[in-house]
Amino acid sequence: MPFIIGIILGALMEMPLWCLMVVMVFWCLLFFACVIGFRMRASYRWRFLPGVAFVSWVIAFGMFYIQLRKPIVLDSKLQSDIAVKVISGLGETPRSLKYDVELIGGEDSVVSRFIGSDGRLYLKRDGLDQIPQPGEIWIVSGQVMPYQSPGTPYMFDYSDYLRKNRIAFQFICNTGTCNYSKDSESFDLFVFCAQLKGQLMHLFSEYGMSQRERAVLNALFLGDKSELSSDQKDHFAAAGAMHLLAVSGLHVGIIYLLAGFLLNACGLRRKRSIKVVFIVLILLGYAILTGLSPSVLRAFIMFSMMEIGILMKRRKNIFNMIFASLLLILLLDPLAIYNIGFWLSHVAVISIIVFYPLINGWFVFKFPPFKWIWSLFSVSIAAQIGTFPLGIAIFHDFPIYFIISNLLLIPIVAPILVLAILSVGVQFSSFLSKMFIGCLSNLLEYLNDSVQWIESLPYSVWSHLYLGWHQVALIYLALLLFLMFRESVQIRYIRYLVMVVLFIGLSFLYGQNARPNQVLVATHSSGRTLVNIFDRNHNVVFVDRNISNRNVSYCLKGIWSFYGAPVDFEIISGDSSIRSPVVLKQMEGLSILYVRKEVQWPSNEGYPFFDWIIFNQVPNQSLEELSLKVNFDKVILGGGGSRIDKEKWLQANRKYRERICLLEEQGAQIFSENYSWYKLNPILFGNMGRLSLNLR
């Protein structure tokens, strides 16, 4: 815990390394001085000093270590020619292919400083003579894309995610050229793993496995989700089965049991030391093959420690192994503290260990099938108790039928992994390969169909949920107090628990009452302007061009969860059949006008005064011309249109520059009724009314 506190403090406030080293030396000297002094003359009164000194040194070391290992990113926009080694494919976007690459050369001096760093490469589909393969070296010409935080609050920060995964740069090759150079001659372990994954997927494809099934197998067996479609991810997430696609302790445990069985069959049951070495190497190889994610590392470390402990005839403590794995992973990479999989994996295991015996003891069945079903039910509930606060705080959703998913799908994970391994191991026989891969395809088809059926059930997902981090902390404190009472049966823990539950209830009650009745949000996403108007019953999104529901939800889901917006929403686009050239929001003391680019203002006068005018794109008229037709205070210019047109328009209206708000620079603008402490742009108003004027 002190090490985690030190990492968090070091990330929040940067201090010079020499200063932290001085602090570490001070606490280290104080610790040894206390130890030596107490050996010479025991002092019961000051017995806490060595512990305080050691804890303080660990905190200082955590601050020093995160500063030493902090990510460095190429965050400047520039044109350059670079040479990269392709590590692996990461899927595709509507217009580009995405790759994980390593920078090996660059003509620009700024880029050259990042040689050896990992990055993301986006190649335009058009004009590619061949598809890049892992291990190839490509010379590409294009533009480095700087990291930008989202302008919309509560939106997933993809740039921050890349930064904390040590992705040093993003390079877009959609305007330049790309040329294949040669294959890399140096051996790269991760390139080898990517090539092996490609060969395995090609093998399954040769024997008739469909792309839909291969995508699930690639994620479930090899930890690669790049081939999964957006619909597949949505189905698994809504069914509460996304954890099956993330290689974790369940998958590593199955590999561990299978490896132990095969080694025993090979006659290594009594040669314990050799068996342990093989098991550790097999688990390490599988962890590397699946990408060394924190959840896989946790399982590998715990199973390895358990095997080594058995070999050394040492007593095993599951909590010691859990926290040892947590510490080792943070020592390998302190940025893992920001990985949600890191926390979900450890919390799920702790929750299962603590709550499973309690829940499983509610009913005792002698009939084996009932006993097994109840055991699986207990594990599902126990894991969900520990992970639901984090899941809601991060994803804002809760799958209602997660128990059904676990009961139907978890039993087939082991057969899928075993059949996948057997299919690879029997390549000498075409008959056996077809038989195993055919069975594997049927199981994967059952998995996909079951997930779709569960997702189609009514109310399968409870969406737009919001938990603040203070509420998450209070929920975990309540669970801890409950466990402490159950362990010690002291009434004071019940008093503390009642107080914490009361605080949680008051925080929810306050959050509900603090939510505004109506909200208007002006933001941008992917070059499109989004104007979202919602209350507790209606949710409407106006966009300048057609956009998918998924992209709208991706951009606004965080805001909807925070304000409690309705789950169902309507999109009105600029090229839809429902045209509303001007949307007028008339409010108590404040009026907002939403204007589309193609609107031609009528010659008649008599428009009221508007506090804000929102343009979805660069308007056809200047603000000087607009001021002759309508009185206004400030203007919001959306993210639509080309940058050149926007710069020309801003230059032509430079005398109004202080009254122009650019969404791309200043972020989302939020107008709410009774929410006064919002940090971006709090504006108070009364009830909103809507009036659509069809103007030519």
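Is arginine 166 buried, partly exposed or exposed? Let's start there and then walk through some other spots in this predicted model.

1. **Arginine 166.** With a relative accessible area of 26%, arginine 166 is partly exposed, because the in-between class covers residues that are neither under 20% nor over 50%. You will find arginine 166 in the loop that links α5 (158-164) to β5 (167-173). Have a look at its backbone too: phi is near 60°, which is positive even though the residue is not a glycine. For background, most residues other than glycine have a negative phi.

2. **Histidine 464.** Here is another positive phi in a residue that is not a glycine, this time of about 55°. Histidine 464 sits in the loop between β8 (461-462) and α18 (469-488). Its relative accessibility is 10%, so histidine 464 counts as buried.

3. **Helix α15 and what follows it.** Follow α15 (residues 368-395) along and you will meet a bend of about 50° at threonine 387. A proline, proline 389, comes within four residues after that point. Just past the end of α15, histidine 396 has a positive phi of about 65°.

4. **Histidine 396.** This residue belongs to the loop between α15 and β7 (398-399). Histidine 396 is buried, because its relative accessibility is 9%. What does the side chain of histidine 396 reach at 3.0 Å? The partner is the backbone oxygen of leucine 465. Beyond its neighbours within four places in sequence, histidine 396 is in contact with several residues, among them Trp462, His464 and Tyr466. The list also includes Lys557, Gly558 and Ser561, and two of the residues just named, Gly558 and Ser561, are among the buried residues of α20.

5. **Helix α20.** Where is the kink in helix α20 centred? The place to look is leucine 556, where α20 (residues 549-563) kinks by about 55°. Leucine 556 is also one of the buried residues of this helix, along with others including Val552, Cys555, Ile559 and Trp560. The elements that cover the buried residues of α20 include the strands β9, β10 (528-535), β11 (539-543), β12 (570-573) and β18 (669-672). After α20 comes glycine 564, with a positive phi near 70°.

6. **Threonine 523.** One of those covering strands, β9, spans residues 518-525 and holds threonine 523. Is threonine 523 buried or exposed? Its relative accessibility is 0%, so threonine 523 counts as buried. Its side chain makes a polar contact with the side chain of threonine 152, at 2.5 Å. Leaving out residues up to four places away in sequence, threonine 523 also touches Arg528, Thr529, Leu530, Leu663 and Ala668, among others. Cys555 and Leu556 are in that set of contacts too, and both are buried residues of α20.

7. **The cysteines.** A disulfide is a covalent bond between the sulfur atoms of two cysteines. How many disulfides does a search of the whole structure find? The result is zero. Take cysteine 34: the closest cysteine sulfur, in cysteine 28, is 11 Å from its own, and that is too far for a bond. Cysteine 555 is likewise in no disulfide, with the nearest cysteine sulfur, that of cysteine 661, 15 Å away. Cysteine 34 counts as buried because its relative accessibility is 8%. Cysteine 555 counts as buried because its value is 0%.

8. **Helices α7 and α16.** Two packed helices are described by the angle between their axes and the distance between the axes. For α7 (residues 211-222) and α16 (residues 402-425), the axes come within 11 Å and cross at roughly 95°. The two helices are therefore roughly perpendicular to each other. On the α7 side, the contact is made by Leu217, Leu220 and Phe221. The α16 side contributes Val413, Ile416, Leu417, Ala420 and Ile421.

9. **Leucine 289.** Our final stop is in helix α11 (residues 272-289), where leucine 289 lies. Leucine 289 is buried because its relative accessible area is 14%. Setting aside residues up to four places away in sequence, leucine 289 touches Cys193, Leu196, Lys197 and Leu222. Leucine 330 is 41 residues away along the chain, and 21 Å separates the C-alpha atoms of leucine 289 and leucine 330.

Definitions and conventions. Residues are numbered from 1 along each chain as its sequence is written. This is a predicted model: local features need pLDDT of at least 70, side-chain atom pairs count only at pLDDT 80 or more; totals for chains, interfaces and linings use all residues. Side-chain values use heavy atoms; hydrogens and water are left out. Buried means under 20% relative accessible area, exposed over 50%, partly exposed in between (1.4 Å probe, protein chains only). A polar contact is a pair of N or O atoms within 3.5 Å; within protein, one must be able to donate a hydrogen and the other to accept it, and residues adjacent in sequence count only if both atoms are side-chain atoms. Contact means heavy atoms within 4.5 Å. A disulfide is a pair of cysteine sulfur atoms within 2.5 Å. The bend at a residue is the angle between axes fitted to the seven residues ending there and the seven starting there. Axes are lines fitted to C-alpha atoms, for helices over the stretch in contact, and angles run from 0 to 180 degrees between N-to-C directions. Angles under 35 degrees count as roughly parallel, over 145 as roughly antiparallel, 65 to 115 as roughly perpendicular and the rest as oblique.
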